[in-house]
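User: I should like to work through this protein model by asking questions one at a time. Please explain the reasoning behind each answer.

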Amino acid sequence: MRHRASIQDLGLVLAVVLVAGFLFLEIEIFVHEDTATDAEKTLALNEVMILGTLLSLGMLLFSWRRLREQKSETRRRAAAEQEARQLASQDVLTGLPNRRKFNDCLSAAIQAPPGSGAAHALIMLDLNGFKQVNDVHGHGAGDEVLILVAQRLQKAAREGDLIARLGGDEFAIVSQHLAGPEAATGIALRVIDALTSPVVIKGVRHQVGAALGVCMFPFEGADAQEVMRRADVALYKAKADEKSALRFFDEVMDRHVRERAQLERELRTAIANHDIRPEFQPLIELKSRQVVGFEALARWTHPSLGEIPPDRFIPIAEDSGLIQELSDQLLRQACQTARQWPDGVTLAFNISPVQLRDRQLGLRVLGILASTGLAPHRLEIEITESALVRDLDGAKEVLGALRDAGVRIALDDFGTGYSSLYHLRNFKIDKIKIDRSFVESMGAEEESSEIVSALVGLGRGLGLTITAEGIEDLAQEEDLLARGCELGQGHLFSRAVSGTDTAAFFPGSTAERGLSG
Ligand code: C2E
Ligand code: CA
Ligand code: CA
């Protein structure tokens, strides 16, 4: 296009040069030819005038063309700049505004406070199960999911709301001038609703829900950084909560998150210093009151907070990637202690669900057994049912390798999770541990006693050993014995004791000690 224009320009210039040359010649004739008649002179003068007019017209045309071309060049440049600006503020995959645009928008919203009684809201959103789509179906499917999610978010939000993709499966919505938290809840619920139905890609249905964290501003945060931090805190809580996908920021929540962050730092140091140790709670054969094994339970004595229960620090270790190191340390120490026990006495060790995702777990456990010299048949791994259900194949692989080496597998907290005969059969479980909650309510609720009887019957039918947890009094022990339960564990017999103190449970040992109760 531009090429053709310059050829045309060249033609025009040539024509002008030719006309100018001809005009020059005519003037020559007019000036020098004394012999020319008056009529000839008038004719030449007319020609000069015509040619002059033509020349002026040519020049005019030329200037007009140049002007037009310059204008279109300016327009083209402006469009290119606009496109570049747009690209810099747009997420290439979904076409939504990107993080940069989001930052600008959030700052602008903070600069423009809402009227009295109104508020702005920042909603942070994180997809559930997106990683699985990527891992299982590939990045192509993952990309398509993101594109469809972006479209659904646009439909769910109000007109004028900013919906941005911040990266990965993280999105944000800035909603301005809302009547209050109820209005923000309305948008959030519409978003949750929009993502409820599965996304179908090439015939495969992908279930991608989302967790949402909301911060209302300006009253919950005066600057962009604080608003984002608070919405993130709320999102974090929403993700941790299996019942509700939506959370608003609040001060109590903030305190919890800060305390948790502090505890995580201290846990890291405690693990590095080997300050966390196993204690051992005996497992008793009810009929004979003989100690047949011990369950290792993690103990952490915090310098200022005192004893921190494992129910509190194990989840932190899981979330912060510290669980593997902690668990290896504890297992090594526990195996060293267990080696001192009589031959038939077993060591029960808890493995958390997160650890089962690690395909190297089996190898590492066997490595620790080999290096500490504890025979595999003396180790019993305790896992919960939910761990199995979450990743059936992973659990099968890891537990299979351990079982092949002679390690036994016990199903912990039995009856509280997704108890299913399928799991009992398919995982070749050796033992079930009836959850403390059933034992606790046995005296008060007939139903619990019936459940215990049913669980014992089920276990026996499948050839499994049955342990009851949390036995605190003699009546419970007698009841359990009568219902056919063989092994028990609980405060009636002993709480967890230090490694050194385990020696006291074996006859003939110097520090011999009987069972209480
Ligand atoms: P769990 O595996 O169900 O462990 C049994 C819990 O019941 C222990 O609590 C134990 O002290 C407590 N208990 C035992 N007998 C009685 C009783 O008669 N009455 C009452 N009320 N409680 C009794 P603990 O030590 O606080 O451990 C809590 C949970 O923490 C454990 O539950 C286990 O899931 C987890 N845990 C402990 N140590 C480890 C570990 O080394 N690794 C992993 N992954 N988890 C661990
Ligand atoms: Ca256990
Ligand atoms: Ca248990």
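User: In which sense do strand E6 and E7 pair?

Analyst: In this predicted model, strand E6 covers residues 210–217. The two strands are joined over 3 bridges. In E7, Arg-247 is the bridge partner of Gly-213. The sense of the pairing between E6 and E7 is parallel.

User: Which strands stand at the edges of the sheet?

Analyst: The open sheet is formed by 5 strands in the order E2-E3-E1-E6-E7, with mixed pairing. An edge strand has a single partner strand, so one of its sides is left without a neighbour in the sheet. The strands at the edges are E2 (162–167) and E7 (246–248).

User: By what angle are neighbouring strands of this sheet turned against each other on average?

Analyst: The sheet in question has the strand order E2-E3-E1-E6-E7. Its neighbouring strands are turned against each other, and direction is ignored in the average. The average is 20°.

User: How many of the 6 residues of E2 are buried?

Analyst: Strand E2 stands at an edge of the sheet, with a single partner strand. Even so, E2 is largely enclosed by the rest of the structure, because the number of its 6 residues that are buried is 5.

User: Which residue in the turn between E2 and E3 has a positive phi?

Analyst: E2 and E3 pair in the antiparallel sense over 5 bridges, and Gly-167 stands opposite Glu-170 in E3. The two strands form a hairpin with 2 residues between them. The residue in the turn with a positive phi, of about 50°, is Gly-168.

User: Which helix lies across E1, E3, E6 and E7?

Analyst: Helix H4 (residues 130–156) lies across E1, E2 and E3, running at about 155° to E1. Another helix, made of residues 181–194, runs at about 160° to E7. The helix that lies across E1, E3, E6 and E7 is H5.

User: Which residue coordinates both the calcium ion (ligand 2) and the calcium ion (ligand 3)?

Analyst: The calcium ion (ligand 2) is coordinated by Glu-295, Asn-350, Glu-382 and Asp-412, at 2.1 to 2.3 Å. The calcium ion (ligand 3) is coordinated by Asp-412, Asp-413 and two OE atoms of Glu-469, at 2.2 to 2.6 Å. The ions are 4.0 Å apart, and the residue that coordinates both is Asp-412.

User: How many residues apart are Asn-350 and Glu-382?

Analyst: Both residues are donors to the calcium ion (ligand 2). Asn-350 lies in strand E11 (residues 346–350) and Glu-382 in strand E12 (residues 379–384), so the pair links distant parts of the chain. Their separation in sequence is 32 residues.

User: Is Asp-413 buried or partly exposed?

Analyst: A residue counts as buried under 20% relative accessible area. Asp-412, at 7%, therefore counts as buried, and so does Glu-469, at 11%. The value for Asp-413 is 25%, so this residue is partly exposed.

User: Where is Glu-469 found?

Analyst: Glu-469 touches Asp-412, Asp-413 and Lys-433, among others. In the chain, strand E15 covers 465–468 and helix H16 covers 474–482. Glu-469 is found in the loop between E15 and H16.

User: Which helix gives the most to the largest nonpolar core?

Analyst: In soluble globular proteins, nonpolar side chains tend to be buried together. The largest nonpolar core here has 71 residues, and those with the most contacts inside it include Leu-267, Ile-276 and Ile-383. The helix that gives the most to this core, with 7 residues, is H9 (residues 323–338).

User: How many residues does the second, separate core have?

Analyst: This core includes Ala-121, Phe-171, Ala-188 and Val-208. Ala-121 lies within the range of strand E1 (119–127), and Phe-171 within that of strand E3 (170–178). The size of the second core is 33 residues.

User: Is the pair of Phe-280 and Trp-341 edge-to-face or stacked?

Analyst: Phe-280 lies in strand E8 (residues 277–285) and Trp-341 in the loop between H9 and E11, so the pair ties together parts that are 61 residues apart in sequence. Both residues are buried. Their ring centres are 5.6 Å apart and the planes stand at 90°; because planes over 60 degrees apart fall in this class, the pair is edge-to-face.

Note on methods:
Residues are numbered from 1 along each chain as its sequence is written. Chains are lettered from A and ligands numbered from 1 in the order in which they are written. This is a predicted model: local features need pLDDT of at least 70, side-chain atom pairs count only at pLDDT 80 or more; totals for chains, interfaces and linings use all residues. Side-chain values use heavy atoms; hydrogens and water are left out. Helices (H or I, at least four residues) and strands (E, at least two) are DSSP runs, numbered from the N terminus. Buried means under 20% relative accessible area, exposed over 50%, partly exposed in between (1.4 Å probe, protein chains only). Contact means heavy atoms within 4.5 Å. A nonpolar core is a set of buried Ala, Val, Leu, Ile, Met, Phe, Trp, Tyr and Cys residues joined through side-chain atoms within 4.5 Å. Donors are N, O and S atoms within 2.8 Å of the metal (3.2 Å for Na, K and Ca); water is not among the atoms, so sites may look incomplete. Two strands pair if DSSP finds at least two bridges between them. Axes are lines fitted to C-alpha atoms, for helices over the stretch in contact, and angles run from 0 to 180 degrees between N-to-C directions. Rings of Phe, Tyr and Trp (its six-membered ring) pair if their centres lie within 6.5 Å; planes under 30 degrees apart count as stacked, over 60 as edge-to-face and the rest as tilted. Lists of a residue's contacts leave out its neighbours within four places in sequence.
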